[in-house]
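Q: Please take one part of this model as a starting point and look at it closely. Then connect it to the contacts and spaces found elsewhere in the chain.

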Amino acid sequence: MINFKTEFIGTWTLLKKELLRFWRVVFQTVAAPVITAVLYLLIFSHVLANHVKVYDNVEYTAFLIPGLIMMSLLQNAFANSSSSLIQSKVMGNIVFILLTPITYLQFFLAFLIASIVRGIFVGACIYLFALLYVDLPMLHPWIIFGFAMIGGALLGTFGIIAGIWAHRFDQMAAFQNFVIMPLSFLSGVFYSIHSLPPFWQKVSQLNPFFYMIDGFRYGFFGQSDVAPLLSLSIVTFFFIVLASITLGMLKSGYKLRS
């Protein structure tokens, strides 16, 4: 019989550890990505605001902000789970987690929720800064929240996979530099894919980051390049696939217990 109180305590304890881990270095984990996003906003809006028109009745600066929020949210959700795991493995203290009676599902949930929290917190900070710069509507708040949650969950899960697989910090940096960053920048953060040639539009539609950012942007303006329900379905599918892989890796102890 499942003891829900024990299950909750184990999950909460590990979750609290993960939350405190990134909060204790808040200038690195929160302030740095917020400043980076604000710099992107200032530079791109200044250079392109008078030259790029994406949606009717939506200024380019306003169009840019949801993309920057979601890009930062995704990158930080990935960084939270992946950096925690690789640090624990390199320093050798992962054993203190594995020796506890925490199940693989509790392990997954704690790391996943912590990643979502960090990603959404960074995104919220960027949004508050952006309000000082431009008037940003929120036509569909629940759609915004839904895409933020599923996006953070997807990248937090991918971060767990990367953290389990990597043995060294340079391998983790390869994930960040050659997978996460290119997918982020080529996802429509700074442009609408309809401004691209047909071939590159089709390539962009293979990028799951595009659907997360496009659906998230729909929540603000009620306009998007793809139907939000289709975007949500695709993102949810990717999350289910990655979550299944992650749970399988954790259950088998792949590169953790062997």
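A: In this predicted model, Lys-255 is located in the segment that follows helix H10 (228–252). The backbone there has a positive phi of about 60 degrees, although Lys-255 is not a glycine. Among residues other than glycine, most have a negative phi. Lys-255 counts as partly exposed because its relative accessible area is 23%, and the buried class ends at 20%.

The next site is Ser-83. This residue belongs to helix H3, which covers residues 60–91. Ser-83 has a relative accessible area of 18% and is therefore classed as buried. Along the chain, Ser-83 and Phe-169 are 86 residues apart, yet their C-alpha atoms are separated by 8.6 Å. The side chain of Ser-83 also makes a polar contact of 3.4 Å with the side chain of Arg-21.

Arg-21 leads to the charged pairs. The whole structure contains three salt bridges. In one of them, Arg-21 is paired with Glu-18, with 3.6 Å between the closest N and O atoms. Both residues are in helix H1 (residues 4–23), where they are three residues apart, or about one turn of the helix. Glu-18 forms another salt bridge with the side chain of Lys-17, at 2.6 Å from N to O. Glu-18 is buried, because its relative accessible area is 0%, whereas Lys-17, at 34%, is partly exposed. A further salt bridge links the side chains of Arg-168 and Asp-170, at 3.0 Å from N to O. Arg-168 is partly exposed, with a relative accessible area of 45%, and Asp-170 is likewise partly exposed at 45%. Through shared partners, salt bridges tie Lys-17, Glu-18 and Arg-21 into one network. Arg-21 thus belongs to this network and is also the partner of Ser-83 in the polar contact.

The aromatic side chains come next. The count of aromatic pairs is 16. One of these is Phe-210 with Tyr-211: the ring centres are 4.9 Å apart and the planes meet at 65 degrees, so the pair is edge-to-face, since that class begins over 60 degrees. Phe-210 and Tyr-211 are both buried. Elsewhere, one aromatic cluster is made up of Phe-78, Phe-158, Trp-165 and Phe-175. A charged side chain also meets a ring: Arg-217 sits over the face of Phe-63, at 3.8 Å from the ring centre.

The last topic is open space. The largest pocket holds about 570 Å³. Its lining consists of 26 residues, and those closest to the pocket centre are Gln-28, Thr-29, Asn-76, Ala-79 and Arg-118. At least two lining residues come from each of H1, helix H2 (26–48), H3 and helix H7 (169–185). H3 gives the largest share of this lining, with ten residues. H3 is also the helix that holds Ser-83, while H1 is the helix that holds Glu-18 and Arg-21. Both helices therefore link the polar contact and salt bridges described above to the discussion of the pocket, where each of them supplies at least two residues of the lining, as H2 and H7 do.

Notes:
Residues numbered from 1 in each chain as written. Predicted model: local features only at pLDDT ≥ 70, side-chain atom pairs only at ≥ 80, totals over all residues. Heavy atoms only, no water. Helix = DSSP H or I, 4+ residues; strand = E, 2+ residues; numbered from the N terminus. Buried < 20%, exposed > 50% of the residue type's maximum accessible area, 1.4 Å probe, protein only. Polar contact = N/O pair within 3.5 Å; in protein donor to acceptor, adjacent residues only side chain to side chain. Salt bridge = Lys/Arg side-chain N within 4 Å of Asp/Glu carboxyl O. Phe/Tyr/Trp six-rings, centres within 6.5 Å; stacked < 30°, edge-to-face > 60°. Lys NZ or Arg CZ within 6 Å of the ring centre and 35° of its normal. 1 Å grid on protein atoms, 1.4 Å probe; cavity = no way out; pocket = protein on both sides within 12 Å on 5 of 7 lines; lining within 4 Å. Points joined across faces, edges and corners; volume = space filled by probe spheres on them.
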